[in-house]
Amino acid sequence: MRKLHIIVIFWFLSISLGQTDDNIFSRSPYLQLATDSSIHIVWRTKVKINPIIRYGKDVDDLNEKIGSEFILERRTADESDGSINDALSLFDAPKGTRQFEARISNLNSNSIYYYSVFDGEKRLTPKDSSYHFKTHPKPGTKSPLYFWVVGDSGTGGENQAKVHSAMRKYNQFKNLELNLYIHVGDMAYTSGTDGEFSERFFKMYEPTLRNTVCWAAMGNHEGKTSKGENGIGPYYDAYICPKVAEAGGLPSGKEAYYSFDYGKVHFIVLDSHDLDRRPTGAMAQWLKADLEKTKAEWLIAYFHHPPYTKGSHDSDKEEQLIEMREHIMPLLESGGVDIVFTGHSHIYERSMLINGAYATPTVSEGVILDDGDGNPNGDGPYIKSAGLVPHNGTVQVVAGHGGTKVSRKGTMPIMRSIFVENGSVLVSISDNVLTGTMLNLDGFIRDTFAIKKEGTVIHSPIEDPWNPVTGQKPIKKKSISGGMKVPPVAKMIIGKNSQWAYFLDAEAPPENWNTLAFNHSSWKKGESGFGFGDNDDRTVLDSMKNKYTTLYLRRSFALPEGVDYKKIGLVVSYDDAFIAYINGNEILRVGIESGNGKKVRNVSSHEAKNTFEYFPFDTNAIKALEGGVNILAIEGHNHEKKSSDFTIHPTLILKK
Amino acid sequence: MHKKLFRLHLFSALLFVMFASHATSHHDTKALIEQLTKRINSGESTAENYYKRAIEYRVLGQLEEAENDLKIALKHNANFTLARREITRILSKKSRHKLAILSAEQVITNAITQREKSSAMILLAQMLFNAGEPLEAIKYSSTAFKLNPNGKVEWYLLHARLLGEIKRNNERPEILRTGYQLTGSIVLRNAWIDSLLDCKQYETALPIIEKELISSRLKSSWKLRRAKAYIGTGKINAAMNDLRTCLKELDQRIHPKNPAMTLIADRGLANALLGNIGTAKNDLARLIHIGADKWITIPLEQAINLIEDQ
């Protein structure tokens, strides 16, 4: 037991001091800022060394060398002895830390080099072919690309490790090698301190980082200790990002936002956390200029705060998310962006092909260009015009599921694929096809989508797109003004004065309120009909008067065996209008021109007059029925709040 | 005794682990507010906790609650610079400019290093500018540059804008050029070119514009700039051609229902210079309607007035 105590305390101390291992490296060598002719190798030691990098195209013959004169040495402020530039001192690294940043230049493009770190003549990294790097292809040249996307990973916990391991095993199995790694932020919880970076990022991903450049975007957790305005903090100590267009694109003048090229692919990285996101801000101005300049064939943007999400965060309610959607997305789409990766919200959400979804709250009407699943083996890839064409469709991917606890608030209507589990995204681009795969922490593929570019494609927004709540395309109902005379009844499936669950509130119920899966146990119960005024209601809802216009009702029912579906119909007494659903599918719309719930438009006036009208089930209503238990859900609408009466009294019949 | 000590250490270590995992698992903004409220109500009413909660309130757009928390944080610790900066920005956002200025002055008082002082000066300059006092604001932005000659991209943009506000346009090219040289920022380079055009220094601007036109994929911004230079040098037909092709490209780039603000401004300006005043005025009205910054609307407004006067 005592041994266990010692281990725990020792472990606790090692975490708190930010130490990673016992060898000479306090951060093992990792790659940064690659171009078609150069790369940076960065590492840290706890002691003074004479830094040398040997490299070459043959792992057994590292015939090139750069010495300390070309390697930048950085130390903590209190360690400065005047031999290094104080402006480059490390922010909060442990005392005695030395960070070395070696820039190797004059390299061949698209070529693999092996390397090793030396202290004078003493080799510090093992002779191991995994210590290698590959330079980028020349900008504008054709070259396949394969990269890894991770967000919100930095817990240092088991799930983060499993996500990393799943990616490595998958690549090993498929014989694939990453060309780069993009991190959409929150890589070092809780505050992005130097120690958290060492433990929860560098130590965790060490075997990947030694041969793959991580191009990072800053998350809000890194933002607690690092500032985009001045480029100071542990995040900026960890990464070497382009400031003056070292890797393509246009110079931003700061590491917080930048762009880089890989062959015919242009990447744009933004700081959505702590910089001005308005159109007049320096970042948006830079973005506009950068988009105007690039001649790439693929355009990929990434940043931390998602413009569209209902995961652990809500993009309809939070400042940074709203601003990225309202100010930055119009610019990106006007520049022809193909795909946007984000994090922050701890979930995997992947959209349909969208354009122009800048409104708050986000709606799917008028913004979905292709509502298929994008899966090459399903509905087929999303098709776009060749090259970069403004407003030709974007896929949004929220990849905030890289290691931390995942959760979901609701359903973002533009999304096609949603998974509340840890994982990461692997993306390949080959010629005119981009393919994305969501790999979960157990190594299972949970989502696959593709974008294919060919010819000229002109998209029009889909009027009634696929609905992520019901998982179906909506069956659009035309509004009708009234029903028919009630026919002779063989059987009442739901009779008059039956008990229903009802919901009356200023807020709308959850969006899946009309589906079978929804649990209405918290709703009030009452006997039909419902309403106020005219003395024709069993459940009187006086609180509705002058306050609410909409009442939501739910009731389950089972169909008698051997029933002739064509004889089923609704018989309703109503004042003023209503929409009926079977198992989440709209089957009938009476006196309401468009919209649902709080968003209905043009509600007609209609008096119940103590009479019932008959609405036979059409083919779509019949299709919506299930064999066992069904849910009939009805939203009753009053013409206006100040109306003197309201009634909804639905029944379900089987006619003779 | 030893056993007790070990247990204490073990307990502390486990507490740390629990706290760490707890802290990392709460990233839902509302949940975080609830968590911080619980902490505050259970005795942890520290400046840091009030500050953290204020940030989350701000994210949700609840500025009143954010301001209240920041006031309490500052009562606990008057030298809490992050809280002071945050409340300054919130006050300005709520158009309570006098209080924002006083708050920014306090940030300067609390600043210790040259870096902190210069950054605080810029904050005050921004607050004074927001309050409509550009003449006063420029004193502070100038001092910031004296304290930190390298400056930041945003500082140069603000300073140049202030020079424009106080009608010292002829000084803008120099400060923007310096900023571009020191930072490499393309935003400053482009702002420098715009300032050259405003100061009628067409000979310096035109060669750069021509180069950009060759190397850019989307050319409307550069066509617009070249048209201004052509108008300035009397090449009216060439200018009109540029403006027409600029509009053609903008038609493709501008979303018909939800256009990007800066692209509407470009379209409005191109239309104004082409003499399509009605269309230009529509774009100006739209920009004002969607809350565009003065920096975007003023050049368009000026162009419309100029054409109308002619």
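The questions and answers below concern a predicted model and deal with its chain contact, its nonpolar cores and one loop residue.

Q: Which helix gives the largest share of the side of chain B that touches chain A?
A: The contact between the chains takes 46 residues from chain B and 48 residues from chain A. Among the elements that give two or more residues to the chain B side are α3 (47-59), α9 (153-165) and α11 (186-198) of chain B. The largest share of that side, nine residues, comes from α1(B).

Q: How many residues of the side of chain B that touches chain A are nonpolar, polar and charged?
A: Chain B brings 46 residues to the contact with chain A, and these can be sorted by residue class. The division is 21 nonpolar, 17 polar and eight charged.

Q: Are α6(A) and α11(B) roughly parallel or roughly perpendicular?
A: Helix α6 (residues 282-293) of chain A and α11(B) have axes that come within 9 Å and cross at roughly 80°. Angles of 65 to 115 degrees count as roughly perpendicular, and therefore α6(A) and α11(B) are roughly perpendicular.

Q: Which residues of α11(B) make the contact with α6(A)?
A: By class, this contact has five nonpolar, two polar and no charged residues. On the side of α6(A) stand Ala282(A), Gln285(A), Trp286(A) and Ala289(A), and on the side of α11(B) stand Ile186(B), Val187(B) and Asn190(B).

Q: Which helix gives the most residues to the largest nonpolar core?
A: The largest nonpolar core has 210 residues, and those with the most contacts inside it include Leu270(A) and Ala301(A) as well as Leu124(B) and Ala125(B). The helix that gives the most to this core, with nine residues, is α7 (residues 114-130) of chain B.

Q: Which domains of chain A each give at least three residues to the largest nonpolar core?
A: Chain A is divided into domain 1 (18-135), domain 2 (136-453) and domain 3 (489-655). A second, separate core of 40 residues includes Phe532(A), Val590(A), Leu652(A) and Ile653(A). The largest core, by contrast, draws at least three residues from each of domain 1 and domain 2 of chain A.

Q: Is Ser105(A) buried or exposed?
A: Ser105(A) lies in the loop between β6 (98-104) and β7 (112-119) of chain A. Leaving aside its neighbours within four places in sequence, Ser105(A) is in contact with Ser37(A) and Ser38(A). A residue counts as exposed if 12 or fewer other C-beta atoms lie within 10 Å of its own; because Ser105(A) has 11, this residue is exposed.

Key. Residues numbered from 1 in each chain as written. Chains lettered and ligands numbered in written order. Predicted model: local features only at pLDDT ≥ 70, side-chain atom pairs only at ≥ 80, totals over all residues. Contact = placed C-beta atoms within 7 Å. Helix = DSSP H or I, 4+ residues; strand = E, 2+ residues; numbered from the N terminus. Nonpolar A, V, L, I, M, F, W, Y, C, P; charged D, E, K, R; others polar. Core = buried A, V, L, I, M, F, W, Y, C linked by C-beta atoms within 7 Å. Buried ≥ 20, exposed ≤ 12 C-beta atoms within 10 Å, placed from the backbone. Domains from an automatic or database assignment. Axes fitted to C-alpha atoms, helices over the stretch in contact; angles between N-to-C directions. Parallel < 35°, antiparallel > 145°, perpendicular 65-115°, else oblique.
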